[in-house]
Amino acid sequence: METIEGLILKQINYKESSKILYLYTKNGLISVLAHGSNKLKSPYLNLVRVFSHVKLSVSGKDLKTLRDGEVINRYMELTTDIEKYTYTLHLLETIYYFSSHEHDHEKLFLFLIKIFNKIKNTEDYIPYINMVELKLLYLLGVQPVLDKCVVCQEKKGLNFSVKDGGLCCKEHIKTIKYSNETINLLRLLYYYNIDKDNKIEYDKLSLISLRKLLDEYYEFHLNYQSRSRKLLRELLGY
Ligand SMILES: [Zn+2]
């Protein structure tokens, strides 16, 4: 027997009545087979829900099989609001997609748990999700340069260029696309210390603008867009 603690990112049906769970853990992605978990009387029903933080007892080497377990947090609050639900799905999908990359999974896992605890009780949850998306860029090694011009190291009059991977001075940027407020919000979230819990102040326009920046950045540098993003656009209107 082995114990695995993780966050269930995804589950798929397997054969007639079983499921395969994909857990994000401090060691990265782990899949677990849950026999009969699609049956109404299954003792595993509580252990297989997406969004749940669980501790599972599993057996088997190549294919791990669920034997028992407990729910640490179910995060029901994330599933009651359709916007929040879809935005969190977008986040889980992104974590899942990049879980096969070599990066600091322990750091991301521990951070995700803190983020989930933040967003479950607040209506103002979007900055916390954007925070993960920004910090993930760092873990993946494609973080934006945020303290000087990417080209000449100038520190004044900077704006953001997705293509150049960070801030650029007036000489080295072609089009000014983002407001100072958007760049300040980007910096605030990128450097944010979740344990200190400072207030996140922003205006709605900057948040919308940051969403566009993140979409373009992920698309350009990682060739990635989540499937949930499309639905999210319909719900949020941007
Ligand atoms: Zn420059």
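This report describes the overall architecture, helix H5, the aromatic pairs and the internal spaces of a predicted model.

**Overall architecture**

The protein has 238 residues, of which 50% count as buried. Its secondary structure comprises 6 helices and 7 strands, arranged along the sequence in the order β-β-β-β-β-α-α-α-β-β-α-α-α. Taken along the principal axes, the C-alpha atoms fill a box of roughly 65 × 35 × 35 Å. Among the contacts with a separation of 6 or more, 57% are between residues 24 or more positions apart.

**Helix H5**

Helix H5 covers residues 204-222. At 1.5 Å a residue, its 19 residues should span 27 Å, and the end C-alpha atoms lie 26 Å apart, which agrees with that expectation. Asparagine 223 follows H5 and has a positive phi, near 55°.

The buried residues of H5 are Ser206, Leu207, Ile208, Ser209, Leu210, Arg211, Leu213, Leu214, Asp215, Tyr217, Tyr218 and Leu222. These buried residues pack against several other elements: helix H1 (82-97), helix H3 (126-139), strand E6 (159-161), helix H4 (180-191) and helix H6 (228-236).

**Aromatic pairs**

The structure holds 12 aromatic pairs. One of them joins tyrosine 75 and phenylalanine 116 in an edge-to-face arrangement. Tyrosine 75 lies in the loop between strand E5 (64-73) and H1, whereas phenylalanine 116 belongs to helix H2 (residues 105-120), so the pair ties together parts that are 41 residues apart in sequence. Both tyrosine 75 and phenylalanine 116 are buried.

A further pair is formed by phenylalanine 160 and tyrosine 217; their planes are at 45° and their ring centres 6.1 Å apart, so the pair is tilted. This pair links distant parts of the chain, with phenylalanine 160 in strand E6 and tyrosine 217 in helix H5, 57 residues apart. Phenylalanine 160 and tyrosine 217 are both buried. The contact between H5 and E6 thus appears in the packing of the buried residues of H5 as well.

| Pair | Centre to centre | Angle between planes | Arrangement |
|---|---|---|---|
| Tyrosine 75 and phenylalanine 116 | 5.1 Å | 80° | edge-to-face |
| Phenylalanine 160 and tyrosine 217 | 6.1 Å | 45° | tilted |

In addition, ring pairs link Tyr97, Phe98, Tyr218 and Tyr224 into a cluster.

**Cavity**

A search of the whole structure finds 1 cavity of 30 Å³ or more. The largest cavity encloses about 70 Å³ of space. Its lining consists of His90, Thr94, Glu133, Arg211, Asp215, Tyr218, Tyr224, Gln225, Ser226 and Arg229. The elements that give two or more residues to this lining are H1 and H5, and H5 supplies the largest share, 3 residues. By class, the lining residues of the largest cavity are 2 nonpolar, 4 polar and 4 charged. Tyr218 and Tyr224, which line the cavity, are also members of the aromatic cluster. Arg211, Asp215 and Tyr218, likewise in the lining, are among the buried residues of H5.

**Pocket**

The largest pocket has a volume of about 300 Å³. Of the 13 residues that line it, Lys107, Phe111, Lys135, Tyr138 and Tyr192 lie nearest its centre. The elements that give two or more residues to the lining of this pocket are H2 and H3, and H2 provides the largest share, 5 residues. The lining of the largest pocket has 8 nonpolar, 1 polar and 4 charged residues.

Key: Residues are numbered from 1 along each chain as its sequence is written. This is a predicted model: local features need pLDDT of at least 70, side-chain atom pairs count only at pLDDT 80 or more; totals for chains, interfaces and linings use all residues. Side-chain values use heavy atoms; hydrogens and water are left out. Helices (H or I, at least four residues) and strands (E, at least two) are DSSP runs, numbered from the N terminus. The expected span of a helix is 1.5 Å times one less than its number of residues. Buried means under 20% relative accessible area, exposed over 50%, partly exposed in between (1.4 Å probe, protein chains only). Contact means heavy atoms within 4.5 Å. On a 1 Å grid over the protein atoms alone, a cavity is a set of points where a 1.4 Å probe fits but cannot get out, and a pocket is an open set with protein on both sides within 12 Å along at least five of seven lines; lining residues have an atom within 4 Å of a point. Grid points are joined across faces, edges and corners, and a volume is the space filled by probe spheres set on the points. Ala, Val, Leu, Ile, Met, Phe, Trp, Tyr, Cys and Pro count as nonpolar, Asp, Glu, Lys and Arg as charged, and the others, Gly among them, as polar. Rings of Phe, Tyr and Trp (its six-membered ring) pair if their centres lie within 6.5 Å; planes under 30 degrees apart count as stacked, over 60 as edge-to-face and the rest as tilted.
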